[in-house]
Amino acid sequence: MRKVAVVGIGMTPFGELWDMSLRSLGIEAGLNAMVDAGLSSDEIDALYVGNMSSGRFLGQEHIAAMISDQAGFTRRNLPAIRVEAGEASGALAFREAFLSVAAEIHDVVIVGGAEKMTDVSDAMAQEIFAASVDQEWESFFGATVPSLYAMMARRHMLEYGTTREQMAEVPVNGHRNAAKNPNAHFRNQITVDAVIGSGPVATPLGVLDCAPVSDGASAVVLAPLEIAKRMTDRPVMIAGSGTATDSISLHHRKTLSGIPATTIASRLAYKRSGLSAKHIDIAEVHDNYSISGIMAVEDLGFVPRGQGGPAFQEGRFSADGEIPINLSGGLKAQGQPLGAIGIAQVVEVVRQLRGEGGERQVGNPEVGLTQCVGGTGGTCVVHVLKVV
Amino acid sequence: MGVARFWRDHRIRYQLIGNACPICGNRYFPPRELCPDCHRESIGKMQEMQFSGKGALYSYTVVHETPDDFSDQRPYVMGIVELEEGPRITAQIVELEGEPVIGMPVEMVFRKIREESAEGVIQYGYKFRPAGVKR
């Protein structure tokens, strides 16, 4: 396997983008990544697309070919591959694109993630979003995605004494960081009291514990490291990639107070990178619910099990903490366009590793991590990225 | 949704029918085609079994934001129940007096789950209620 680098990053704003279609979102993010890489479309060998549910949000399937067409790639009849793994679709598409370059199948590839969620009603969006959990044995009986995470939160509180206040620190941190992100869905700051007092969704989770429904797209360009060094002064290498699956139903897992697929995927990514949790300078984690941020820092090995809540409360994951988490604002505040999440995480980490974070740049990080979850943990994808 | 999709699983949902692997003894609900531990050795040998419907509450939440098909039941309690035979199961917890307690004994009851629409099919299945309560 040859070494692979990210040579271009791009995204659209995330939010309720009434004037943007899936096509226009995908093209805008892709063009931004191409411009950033300084490439023209005739230098691209393949397109990968991460998208969870265009078929239900828009009635449109076959979107890899559709975006390839819009991008002009069909003039050369390039291969275009869509990847679906629930909310981890973008992250898994990124991994597939990486593998194709590492395996010398392609040289320069573009991988984009996109979701157009606001063309359906909010109730319908929630129903489609829930398709990443078990329809027959969870949803059928009335379980929603937040209700499943709420049951994880309840177990975490019981087993480790995690408090409601500690959980609330996760979205507070996300919003604080997003205030400096012009692409973020929400740029307002919130307080612990506001999170705890927000309208109940599935107890103990309230509205402000939950990431929003957003439109948006993100894209990156990958190239072999040797070529990348000629293209850019600061290529960011994909040092390690790991993915793992688990039961799609939450109730089949031995533990509810963590996501085993995250632990396994991260250990694979660490092993392949020759690095470990202690080397991570910054991370973008899957904070779809407040409890998810706490489980992520434990599953990734940043803190011992049960210490995630206190660590967030102590500010260890704030922008000025030991491991700044979700400098983009995360899913909660930057936004949650399902297929775009995983690649947006890579965009933020690369931006920080290049020192291009602008107002939200934190020092000179050298190693960053991304963690993206499908459903309640049926899939997890972790990447370790490193300055060369 | 088509009727067949729910009809084909009705025995499982009405009577809590799962199965067991004759090689390792693991029990499964819902039933599996093969045992994830014994793999091909178990194919064609899985033994159907009916679960007792007794168990303990493992976790729960009160659902306020509901899917449209469940809006008439809002708010309702969802739980994960650990059956006494081992497997865990996701279901609504009903007939509660006040907030449930993790660890409390519960038992299965047969209930209407939802109506898809005014003209739609009514779907039935299991819910759980506190056990050992005089009614």
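In this predicted model, the bridge partner of Ala20(B) in strand S2 of chain B is Arg27(B). Ala20(B) also has a partner in strand S3 of chain B, namely Gln47(B). Both pairings belong to strand S1 of chain B: S1(B) pairs with S2(B), residues 27-28, in the antiparallel sense over two bridges, and with S3(B), residues 47-50, in the antiparallel sense over four bridges. Between S1(B) and S2(B) lie six residues, and the two strands form a hairpin. In its turn sits Gly25(B), with a positive phi of about 85°. Within S1(B), which spans residues 17-20, the residues point in two directions: Ile17(B) and Asn19(B) one way, Gly18(B) and Ala20(B) the other. Whichever way they point, these residues are all buried.

The loops that follow these strands bring two rings together. Phe29(B) lies in the loop between S2 and S3 of chain B, and Phe51(B) in the loop between S3 and strand S4 (54-63) of chain B, 22 residues apart. Their ring centres are 6.0 Å apart with the planes at 85°, so this pair is edge-to-face. Both Phe29(B) and Phe51(B) are buried. Ring pairs also join these two residues to others in a cluster made up of Trp137(A), Phe140(A), Phe141(A), Phe6(B), Phe29(B), Phe51(B), Tyr126(B) and Phe128(B).

Over all chains, 13 aromatic pairs are found. One of them is formed by Tyr14(B) and Phe110(B), an edge-to-face pair with 5.0 Å from centre to centre and 80° between the planes. Tyr14(B) belongs to helix H2 (residues 10-15) of chain B and Phe110(B) to strand S7 (residues 105-115) of chain B, so the pair ties together parts that are 96 residues apart in sequence. Here the rings are partly exposed: the relative accessible area is 33% for Tyr14(B) and 41% for Phe110(B).

Chain A offers a helix to look at next. In H3(A), residues 63-70, the buried residues are Ile63(A), Ala64(A), Met66(A), Ile67(A) and Ser68(A). What do the buried residues of H3(A) pack against? Their neighbours in chain A are helix H1 (22-37), strand S2 (46-50), helix H2 (54-57) and strand S3 (80-83). After H3(A) comes Gly72(A), with a positive phi near 90°.

The model also contains pockets. Rolling a probe the size of a water molecule over the atoms shows where empty space is left. The largest pocket holds about 940 Å³ of space. Its lining has 35 residues, and those nearest the centre are Ala123(A), Gln126(A), Glu127(A), Ala130(A) and Pro67(B). At least two lining residues come from each of helix H5 (122-129) and helix H6 (145-160) of chain A and helix H1 (3-7) of chain B. H5(A) gives the largest share, five residues. Sorted by class, the lining of the largest pocket comprises 19 nonpolar, six polar and ten charged residues.

The second largest pocket has a volume of about 570 Å³. Of its 21 lining residues, His251(A), His252(A), Arg253(A), Lys254(A) and Tyr28(B) lie closest to the centre. Two or more residues of this lining come from helix H10 (260-273) of chain A and likewise from S2 of chain B, the strand that pairs with S1(B). The largest share, three residues, is supplied by H10(A). By class, the lining of the second largest pocket has seven nonpolar, six polar and eight charged residues.

Note on methods: Residues numbered from 1 in each chain as written. Chains lettered and ligands numbered in written order. Predicted model: local features only at pLDDT ≥ 70, side-chain atom pairs only at ≥ 80, totals over all residues. Heavy atoms only, no water. Buried < 20%, exposed > 50% of the residue type's maximum accessible area, 1.4 Å probe, protein only. Contact = heavy atoms within 4.5 Å. Pairing = 2+ DSSP bridges. 1 Å grid on protein atoms, 1.4 Å probe; cavity = no way out; pocket = protein on both sides within 12 Å on 5 of 7 lines; lining within 4 Å. Points joined across faces, edges and corners; volume = space filled by probe spheres on them. Nonpolar A, V, L, I, M, F, W, Y, C, P; charged D, E, K, R; others polar. Phe/Tyr/Trp six-rings, centres within 6.5 Å; stacked < 30°, edge-to-face > 60°.
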